[in-house]
Amino acid sequence: MLLYLGTGLSPVAALTWIAPLPILLLAPRVTARRATALAFLAYLAGSANSWDYFLRPRPSLAVPLPAALSILIGGSVLFAVAVLLFRALLVRRHAVLATLAAPATWVGVLYLTSLASPSGVMGTLATTQADVTTVVQIASVTGFWGVEYLVLLVPAAIAACSATGIPVIARLRAGAAGLVISALALGYGTFRLHDSPAAASSRHVVVLARDQGHWAADVATPEGRELVAAYAERIAGLPDGPGIVVLPEAGFAADDASLPALVGPMERAGRARGADIVIGLLHTTGGVRYNSALAVPAGGGAPAEFHRWNAGMDQVSRTGHDLAYLPGTPWAGMVVCGDVNFPRPTRDYAAAGARLLAVPASDEDVDGWQHSRTALLRGVENGLAVAWSDQRGVPMISDSWGRVRAETRTRPDAGPDSFAMAAATVPAGPGATPYTRFGDWFPWLCLLTTLAASLFVVAARLRERPEQA
């Protein structure tokens, strides 16, 4: 029940920290086989909060059925393995190593899985803490993997302290290890949140999405031109002042011949309000269709285009590994939706000097909050503000410290002329963080910890066999 409420698409953040605790408390008190089985079943039952999302057939979901099953069953197996290693170390009275190895196993293996996944990673334990700003600041050093580690470290330390048959000093050391690491992470988070940006570095940002989700409205058709006009009219009605307006992923479709029918009205609306406009576009050019973010500058001139790096399962081609910025605004880069499920290109933008990320996106209603928080965590990792314009989801604006400055939710049952809009004046982020510079060093450290702990257990078992004989 704790896993069900503390994970998934609508988690209760406080419960996530104690959700693994009952199994970890039980593990050293029962046989290894029973602890493993109960851990697997508990996690699988807890993931029932996402069964309908993963298993209900719908063509727009980017995760196919085999991958969905591997996520649900694989997560349960991984949790069982982490519990098994925790138990093996604890019954041998190595409470500190058990406390450190259990979350390290989870993080390390999950990281390796993310490297092999065509859809990247989202919806992990770290995402459940995305609105707890003090906790997520550690992501600027460790990546969001540090948040993932903390969420499991705390219950592991409590369980180690509560184990029976272990010397008091060993239990106290385990508790001290968990307390010191958590205190350092939270202390760093508190310190980082006190960093106040200069008002002069702020920029007004608007994320705008039509409530009734639409995908790839062809601007060569009357319906597509009507949608272009509706967006342009809404943008033209925004308050005066320089800023950035971001529209959802693949809101429009165009080829080179029909593209002016989209760019022209948007350019006029942007010029009238002094706003650069980032448009989600399926752009057919040179016989290839790209899932793009197209930036139309307020001052006129040629638009800039970013092609989605990580096409996932949508079968939309990409050009490769080129970054693209809002014209005349080298501190504002662009990515498209699922790109935030991967460390790059967000990390590359920060390394190149960007301070804000404009993201046209599209989700499935129920996963809108979860995916917006994945984008938020990428911003914290790399010191970037994020403008997330989501059709069928949660349009959201966050600063580089992970504080949500504005958000709303699209309403599929609203009228055809209804728009969801969020607006905020956002300070430009500080840019490149330690994580930007050093990358995923922390999950590799977790893998080394897991390997060392596993070898320790194997060696201990080999020593025990002659004694038993």
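**Sheets, rings and a buried serine**

Biologist: This is a predicted model, so let's start with the sheet: in what order do strands 8 to 13 sit in it?

Modeller: The 6 strands make an open sheet with mixed pairing. Strands in a sheet pair through backbone hydrogen bonds, either parallel or antiparallel. The order here is 8-9-10-11-12-13.

Biologist: Which strands stand at the edges of that sheet?

Modeller: An edge strand has a single partner, so one of its sides is left without a neighbour in the sheet. That applies to residues 325-326 and to residues 404-407. These are strand 8 and strand 13.

Biologist: And which helix packs on this sheet?

Modeller: The helix touches strand 11 (385-391), strand 12 and strand 13. Its direction makes about 160° with that of strand 11. It covers residues 368-382 and is helix 16.

Biologist: Staying with strand 13, which of its residues stands opposite Ile-397?

Modeller: Strand 12 (residues 396-398) pairs with strand 13 in the antiparallel sense, over 3 bridges. Opposite Ile-397, strand 13 places Ala-406.

Biologist: Over to strand 1: how many bridges join it to strand 14?

Modeller: Strand 1 (residues 202-210) has 7 of its 9 residues buried. It runs parallel to strand 3 (residues 243-246), with 4 bridges, and there Val-206 partners Val-245. With strand 14 (residues 419-427) the sense is antiparallel, and Val-207 has Ala-422 as its bridge partner. The bridges between strand 1 and strand 14 number 9.

Biologist: Now the rings. How is the aromatic pair of Tyr-43 and Trp-106 arranged, stacked, edge-to-face or tilted?

Modeller: It's one of 12 aromatic pairs in the whole structure. The centres are 5.6 Å apart, with 55° between the planes. Stacked needs under 30 degrees and edge-to-face over 60, so this pair is tilted.

Biologist: How many residues apart in sequence are the parts that this pair ties together?

Modeller: Both Tyr-43 and Trp-106 are buried. Tyr-43 belongs to helix 4 (residues 32-46) and Trp-106 to helix 7 (residues 95-116), so the pair ties together parts whose separation in sequence is 63 residues.

Biologist: Last one: is Ser-258 buried or exposed?

Modeller: Ser-258 sits in the loop between strand 4 (252-255) and helix 14 (260-273). Setting aside neighbours within four places in sequence, it contacts Val-219 and Ala-220. Its relative accessibility is 11%, and the cut-off is under 20%, so Ser-258 counts as buried.

Terms used:
Residues numbered from 1 in each chain as written. Predicted model: local features only at pLDDT ≥ 70, side-chain atom pairs only at ≥ 80, totals over all residues. Heavy atoms only, no water. Phe/Tyr/Trp six-rings, centres within 6.5 Å; stacked < 30°, edge-to-face > 60°. Helix = DSSP H or I, 4+ residues; strand = E, 2+ residues; numbered from the N terminus. Buried < 20%, exposed > 50% of the residue type's maximum accessible area, 1.4 Å probe, protein only. Pairing = 2+ DSSP bridges. Contact = heavy atoms within 4.5 Å. Axes fitted to C-alpha atoms, helices over the stretch in contact; angles between N-to-C directions.
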